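This note sets out, point by point, what can be read from the coordinates of the entry under review. Please consult it alongside the sequence and the structure shown here.

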Amino acid sequence: MKTKKILLPDQMIPAQWYNIVADMPQKPLPPLDPRTRRPVTAEQMNCIFAEELVRQEFSTERFIDIPDEVRDLYRIWRCTPLVRAYALERALDTPAKIYFKNESVSPAGSHKPNTALPQAYYNAKQGIKHLTTETGGGQWGSAIALASQYFGLDLKVFMVKVSYEQKPYRKLLMNTWGAEVIPSPSTLTDAGRRALADDPDCSGNLGLAISEAVETAVQHPDDTRYCLGSVLNHVLLHQTVIGEEALVQMEMAGDEPDVVIGCFGGGSNFAGIGFPFLRRNLREGARTRIVAVEPASCPKLTRGTFQYDFGDVAGMTPMLPMYTLGHNFQPADIHAGGLRYHGAGSIVSQLLRDGLIEAQAVPQLETFRAGLLFARTEGIVPAPESTHAIAAAVREALRAKEEGASKTILFNLSGHGMIDLYAYEQYFADKLQDYTVTDAELRRTIDQLDRIIK
Ligand SMILES: *Cc1c(COP(=O)(O)O)cnc(C)c1O
């Protein structure tokens, strides 16, 4: 009798992350120092981020080893399931096959621990004792709280005040994992005190929270660093565990995706699922479509311009080459809080510019309809961010039905929505709406940016 070789889930965790910069025909432009307009040096970045993360940020090596300490912790929930969504296919009556990679099974409920763990690990290894970060809705804050706890680091999270008051559960999750959560603006920093002096009732925003977290880190250079959950090259790099696993799993399923889909905030889960498949396009002549899906109310990829912009509202961070709506763009208050960022990371922006990936925008109500259909067929309640990927997958499946064509679709389920049920309550009560952004509105923040840059 032949014995079948069975792989245990944790044996499928890749040994290396994939750095797509090695295979890009046009490399991303460098980040610039806002004062000198010269490329930022690694030394400048080392005051803010752990040295190994800065090395990875500038690396052009194709593969980077995942440290054993990080791989051992990935084993708690990785490899994540690749699931064929039979019930969703039946409900759509489509000839298409739909697969999803389920990143919602991590302890924090999203893909974000994939990068939080290595970020905490490299900081701890360098002897750093304290981390600072910001969070909007709390997805990133809870992921880095979990990771800081594992590596014995003390963590301060500046949480946008309005979210701090409206979303108590993610704050409690962060407290559960040992983090100190501070509503921003706070009186702990100059940036916070200035904002409070201007407006004592200021409810905060992500840009201000970033300024507070960075300021706190740079004031304690010997033992404190800052960390970020999206946009930057090293964050995208760590997320490629998703796509590397999916490549092997699709092969085990005996299928090939024609299209790979991820929702898009700063680009990390999209890059995570997409880049390993894009490698086959770039190096092996494969022709898989790689599709990023953004909210119609924050359409930087489909309607933004490609130029240098700041990462934050205060203009403190290095300038990055990005598809952007201008850092002063105030997106509507949609429930997919993780997708409300004004710009896209520089790697993803370059790939889009070169026509190597695609982008789509989906309005809010369509995303909730798709999310609800998914919850009622596959059972998992998706995060409002992830419903954007589901909506795009549904569009693809319905098009296959119209055309009577077979098609294989793979999307990333970036997180579950069990802590976002309030958004579903609003949807059930008919209180959600679509927001359209006029060209004049977009022109205004881009013109403002043009004036600042020149
Ligand atoms: C943060 C978040 C996103 C958006 O971030 P990306 O870096 O674009 O992936 C998407 N989905 C979930 C569940 C998130 O928590």
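1. Tyr-308 has a relative accessible area of 18%, under the 20% limit, and therefore counts as buried. The model is a predicted one, and this value is computed from it. Tyr-308 lies in strand β11, which covers residues 305-310. Its C-alpha atom is 8.4 Å from that of Pro-31, although 277 residues separate the two along the chain. Which residues does Tyr-308 contact, once neighbours within four places in sequence are left aside? They are Leu-29, Pro-30, Leu-32, Met-319, Leu-320, Pro-321, Leu-449 and Ile-453.

2. The record should be read next to the model. UniProt, in an unreviewed entry, places the feature "domain: Tryptophan synthase beta chain-like PALP" at residues 78-415. Over residues 78-415, helix accounts for 44% of the chain and strand for 19%. The end C-alpha atoms of this stretch are 14 Å apart.

3. An open sheet of 6 strands follows the order β3-β4-β14-β9-β10-β13, and its pairing is mixed. The edge positions are taken by β3 (82-84) and β13 (358-362); each has a single partner strand, so one side of each lacks a neighbour in the sheet. From one strand to the next, the twist averages 25°.

4. Within that sheet, β9 (residues 259-263) and β14 (residues 408-413) run parallel and are joined by 3 bridges. Val-259 has Ile-409 of β14 as its bridge partner. Two helices pack on the sheet. Helix α12 (residues 241-252) touches β3, β4 (97-102) and β14, and its direction makes about 140° with that of β4. Helix α13 (residues 268-284) touches β4, β9, β10 (289-295) and β14, and its direction makes about 155° with that of β9.

5. Helix α6 (residues 139-150) passes a check of its geometry. At 1.5 Å a residue, its 12 residues should span 16 Å; the end C-alpha atoms are 17 Å apart, which agrees with that expectation. How many of the 12 residues of α6 are buried? The count is 10, and α6 is mostly covered. Among the buried residues are Trp-140, Ile-144 and Leu-146. The buried residues of α6 pack against α5 (113-125), β5 (130-135), β6 (154-160) and α8 (168-176). Just after α6, Gly-152 adopts a positive phi of about 70°.

6. Two of the elements that α6 packs against, β5 and β6, also pair with each other: they do so in the parallel sense, over 6 bridges. Glu-134 stands opposite Phe-158 in β6. Strand β5 has 5 of its 6 residues buried, so it is largely enclosed by the rest of the structure.

7. The cysteines merit a separate remark. The structure holds 0 disulfides. Cys-227 is in no disulfide, and the nearest cysteine sulfur, that of Cys-47, is 16 Å away. Cys-227 is also buried, with a relative accessible area of 0%. Why does Cys-298 form no bond with the closest cysteine sulfur? That sulfur belongs to Cys-263 and is 13 Å from the sulfur of Cys-298, which is too far for a bond, because a disulfide requires the two sulfur atoms to be within 2.5 Å. Cys-298 likewise counts as buried, at 0% relative accessibility.

Notes
Residues numbered from 1 in each chain as written. Predicted model: local features only at pLDDT ≥ 70, side-chain atom pairs only at ≥ 80, totals over all residues. Heavy atoms only, no water. Pairing = 2+ DSSP bridges. Helix = DSSP H or I, 4+ residues; strand = E, 2+ residues; numbered from the N terminus. Axes fitted to C-alpha atoms, helices over the stretch in contact; angles between N-to-C directions. Contact = heavy atoms within 4.5 Å. Expected span 1.5 Å × (residues − 1). Buried < 20%, exposed > 50% of the residue type's maximum accessible area, 1.4 Å probe, protein only. UniProt positions renumbered as here; feature names shortened; annotations may be inferred.
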